[in-house]
Amino acid sequence: MIAPDELNDNELIEQIENCTLSPSYFTHEVLLRMSYILIKKYGLETAIIKNCRLKENYYINALKSDKFNYTLTRAYTEILYYFMSNSKNSSFNKLLRNFPRLQYNFKDLVRTHYGYDIMKEHRKEAEEYKGPILFTF
């Protein structure tokens, strides 16, 4: 099985979309990369929609789980977009090197962005989305 870092952007998105990416590779870094690819390709608003659809589908069909969290998925996209917008980095790997908090301290970024623990408030639907309380990193 090919590791995600060996896949190009289109192949990674396709494997997530088709639920052929091994669940062992469905990691925080892969979720960040997926968000990065979608933002670069579609812009923020469309990336949020596509990211939620892809991730929810993967949770249901590949992970056989109902633990998809709309708010957390949206946070991945919004937070990554913030750092991409405030960076001159031309690649995902450079972005992670310059902003290691994305990779190693993401939970605190989410708390800073939302002002509450979105992991405890498990939401499935966009209609339930309240949005971030704070937006300072």
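Buried means under 20% relative accessible area, exposed means over 50%, and partly exposed is in between, using a 1.4 Å probe and protein chains only. With those words in hand, welcome to the close-ups. This is a predicted model, in which local features need pLDDT of at least 70 and side-chain atom pairs count only at pLDDT 80 or more, while totals for chains, interfaces and linings use all residues. Residues are numbered from 1 along each chain as its sequence is written, and side-chain values use heavy atoms, with hydrogens and water left out.

**View 1. R33 and D9 meet in a salt bridge.** A salt bridge here is a side-chain nitrogen of Lys or Arg within 4 Å of a carboxyl oxygen of Asp or Glu, and a search of the whole structure finds 3 of them. In this pair, the closest N and O atoms are 3.0 Å apart. R33 lies in helix α2 (residues 28-42) and D9 in helix α1 (residues 9-17), so the bridge ties together parts that are 24 residues apart in sequence. Helices are DSSP runs of H or I with at least four residues, numbered from the N terminus. D9 is partly exposed, with a relative accessible area of 37%, whereas R33 counts as buried at 12%.

**View 2. Here are the surroundings of R33 in helix α2.** What is R33 in contact with, leaving aside its neighbours within four places in sequence? The contacts are P4, D5, L7, N8, D9, L12 and F92, where contact means heavy atoms within 4.5 Å. D9 in this list is also the salt-bridge partner of R33.

**View 3. E11 is a residue to find in helix α1.** The relative accessible area of E11 is 36%, which makes this residue partly exposed. Look also for L21, which is 10 residues from E11 along the chain. The C-alpha atoms of E11 and L21 are separated by 9.8 Å.

**View 4. Helix α4 holds a salt bridge between E78 and R74.** The two side chains meet with an N to O distance of 2.8 Å. Both residues belong to helix α4 (residues 70-85), and they sit 4 residues apart, about one turn of the helix. Are these partners buried or exposed? E78 is buried, with a relative accessible area of 10%, and R74 is buried too, at 14%.

**View 5. R111 and D108 form a salt bridge in helix α7.** Their closest N and O atoms are 2.9 Å apart. Helix α7 covers residues 106-114, and the two residues, 3 apart, are separated by about one helical turn. R111 counts as partly exposed at 37% relative accessibility, and D108 counts as partly exposed at 36%.

**View 6. Helix α2 packs with helix α3 (residues 44-61).** The angle is about 140 degrees, and the axes are 8 Å apart. Axes are lines fitted to C-alpha atoms, for helices over the stretch in contact, and angles run from 0 to 180 degrees between N-to-C directions. The two helices are therefore oblique to each other; angles under 35 degrees count as roughly parallel, over 145 as roughly antiparallel, 65 to 115 as roughly perpendicular, and the rest as oblique. The contact is made by L31, M34, S35, L38, I39 and Y42 of α2, together with L44, T46, A47, K50, N51, L54 and K55 of α3. These residues divide into 8 nonpolar, 3 polar and 2 charged. Nonpolar covers Ala, Val, Leu, Ile, Met, Phe, Trp, Tyr, Cys and Pro, charged covers Asp, Glu, Lys and Arg, and the others, Gly among them, are polar.
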